[in-house]
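Got your viewer open and a coffee at hand? Here is a short walk through the fold, one selection at a time.

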Amino acid sequence: YMGASALPPPSVFLRLDLHRNDLGPGGSRPLALLKGAPALTTLELDLMNNELAIGDAEALATLGFSHSLTSLTLALSYNEFELQGVWALCNLRESTTLRSLTLYLVGNELGEEGAKALATLRATPALRTLALGLSFNELGDEGAEALAGLQSAPSLVELALDLSYNEIGTRGAQALAGLQNARSLHSLTLDLSNNAFGAEGVSALAALPSMATLRNLVLNLAYNDLEEGVQGLAALQYAQTLEFLNLYLTKNKLHAGDAQVLATALRHAPALRKLTLDLGYNGLGSGGVQALAALKDAARLQSLSLDLSYNSVGPAGIQALVALRESTSLQILFLDLSHNDVGLGGAQTLLQLQEHSARLTVTCLT
């Protein structure tokens with residue numbers, strides 16, 4: 001328990017780590033007094049695993065009445081707010097000063113109704129950055145559909161949604177693809193790992209980069225048993241404004257043909273400058289890696305990170321990667337080839353990547 005008298009004097013930035021402190025119901029209420037700190041603009045509170053209850057959510061929501069607070073982070077995972085508490089917390093939407101809001105609510109059994117409550121945060125008038133950590137909450141398709149309503153937030157520029165482990169299927173993925181209609185998003189992070197949508201869901205999500213304002217996309221589709229679903233990602237080649245892409249496809253039963261689809265789409269993406277592509281724990285083989293070497297022809301690509309671990313790359317695949325040094329734009333290259341039996345011969349082959357290229361910086365994990 002930390003009483004108000006023990007708090008430091010008001011400051012521009014304040015971070016308090018109080019996770020696992022047995023605060024219990026009502027234990028966080030004194031922290032609501034921080035709303036009166038006249039110079040406080042940025043506040044981060046870690047209150048995870050404290051058995052907080054509805055009253056705590058109501059008290060913390062009053063931080064929105066601060067006249068100076070522009071950035072608020074509340075880590076509230078694994079507490080006992082219940083649905084009423086989540087609705088209370090969403091009264092933060094009444095704040096007229098908040099420009100950045102981050103809420104971690106992992107493992108709080110929010111369900112569909114909790115997602116509907118959080119979707120009302122779109123009404124926060126000055127909000128430009130919103131991040132919601134919602135994994136392990138049994139949101140399902142209905143919860144995903146509710147959160148897709150964030151597309152109507154009037155001034156949102158950055159949105160991050162962690163929806164991993166939430167039993168989201170094709171319908172939910174299709175609903176989230178509606179975020180492409182957001183009027184001003186420049187950056188979107190969408191973690192949908194460990195869910196259950198198929199090829200139709202992936203095809204729908206592939207339309208996200210088509211939004212006219214999007215510059216940065218982080219899309220985590222790992223552990224979804226996509227198999228043939230990657231075909232839908234061919235639409236990435238039409239992303240006219242996308243400059244930064246992090247695409248995670250770990251353990252999705254992908255093969256050489258999928259790598260071909262990805263390589264073709266990504267090397268034709270006209271604005272792409274930085275690419276992180278995680279293809280670990282698949283079955284690409286040497287043929288898949290040979291296809292990916294075509295990324296050397298991506299006209300504007302300056303930074304490339306490829307995770308090819310556990311893919312049976314083989315000597316032919318290693319040799320194919322050497323072609324990446326032929327890129328006329330690439331400056332930074334990171335390769336994870338761990339657990340591919342690269343051996344001494346493969347390592348010596350990879351050294352050729354750095355030869356005759358003072359411009360290219362190469363890092364390899366073997």
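Before you click anything, one term: a polar contact is a pair of N or O atoms within 3.5 Å, where, within protein, one must be able to donate a hydrogen and the other to accept it. Also keep in mind that this is a predicted model.

**Stop 1: Asn340**

Select Asn340, in the loop between E12 and H10. Which backbone atoms lie by polar atoms of the Asn340 side chain? One is the backbone nitrogen of Asn311, 3.1 Å from a polar atom of that side chain. Another is the backbone oxygen of Leu308, at 2.9 Å from a polar atom of the Asn340 side chain.

Now show what surrounds the residue. Leaving out residues up to four places away in sequence, Asn340 touches Leu308, Ser309, Tyr310, Asn311, Ser312 and Val313. Is Asn340 buried or exposed? Its relative accessibility is 7%, and buried means under 20%, so Asn340 counts as buried.

For a sense of scale, draw a distance from the C-alpha of Asn340 to that of Thr62: they are 54 Å apart, with these positions 278 residues apart along the chain.

**Stop 2: His339**

Step back to His339, which is also found in the loop between E12 and H10. His339 is exposed, at a relative accessible area of 52%. Check its backbone too: phi is positive, about 60°, although His339 is not a glycine.

**Stop 3: helix H10**

Move on to helix H10, residues 343–350, and color Gly346, Thr349 and Leu350, which are buried. Look down the helix axis: the buried residues fall within an arc of 100°, so they line one face of H10. What covers them? Turn on helix H9 (314–321), strand E12 (332–336) and strand E13 (361–365), which are included in that cover.

**Stop 4: Leu353**

Keep going to Leu353, in the loop between H10 and E13. Leu353 has a relative accessible area of 0%, so it is buried. Apart from neighbours within four places in sequence, Leu353 is in contact with Leu321, Val322, Leu324, Arg325, Leu333, Leu335, Leu360, Val362 and Cys364. Pick Cys364 from that set and check the spacing: it is eleven residues from Leu353 in sequence, and the C-alpha atoms are 10.0 Å apart.

**Stop 5: helices H2 and H3**

Next, show helix H2 (residues 82–89) together with helix H3 (residues 111–119). At what angle do they pack? The angle is about 10°, and the axes are 9 Å apart. That makes H2 roughly parallel to H3.

To see the contact itself, show side chains for Leu83, Val86 and Trp87 of H2, then add Glu113, Gly114, Lys116, Ala117 and Leu118 of H3. Sorted by class, this contact has five nonpolar residues, one polar and two charged.

**Stop 6: Thr102**

Now select Thr102 in strand E4, residues 100–104. Thr102 is buried, with 13% relative accessible area. Setting aside neighbours within four places in sequence, its contacts are Leu72, Thr73, Leu74 and Ala131.

**Last stop: Asn49**

Finish at Asn49, in the loop between strand E2 (42–46) and helix H1 (54–61). Asn49 has a positive phi of about 55° although it is not a glycine. At 26% relative accessibility, Asn49 counts as partly exposed.

Definitions and conventions. Residues numbered from 1 in each chain as written. Predicted model: local features only at pLDDT ≥ 70, side-chain atom pairs only at ≥ 80, totals over all residues. Heavy atoms only, no water. Buried < 20%, exposed > 50% of the residue type's maximum accessible area, 1.4 Å probe, protein only. Helix = DSSP H or I, 4+ residues; strand = E, 2+ residues; numbered from the N terminus. Arc of directions from axis to C-beta. Contact = heavy atoms within 4.5 Å. Axes fitted to C-alpha atoms, helices over the stretch in contact; angles between N-to-C directions. Parallel < 35°, antiparallel > 145°, perpendicular 65-115°, else oblique. Nonpolar A, V, L, I, M, F, W, Y, C, P; charged D, E, K, R; others polar.
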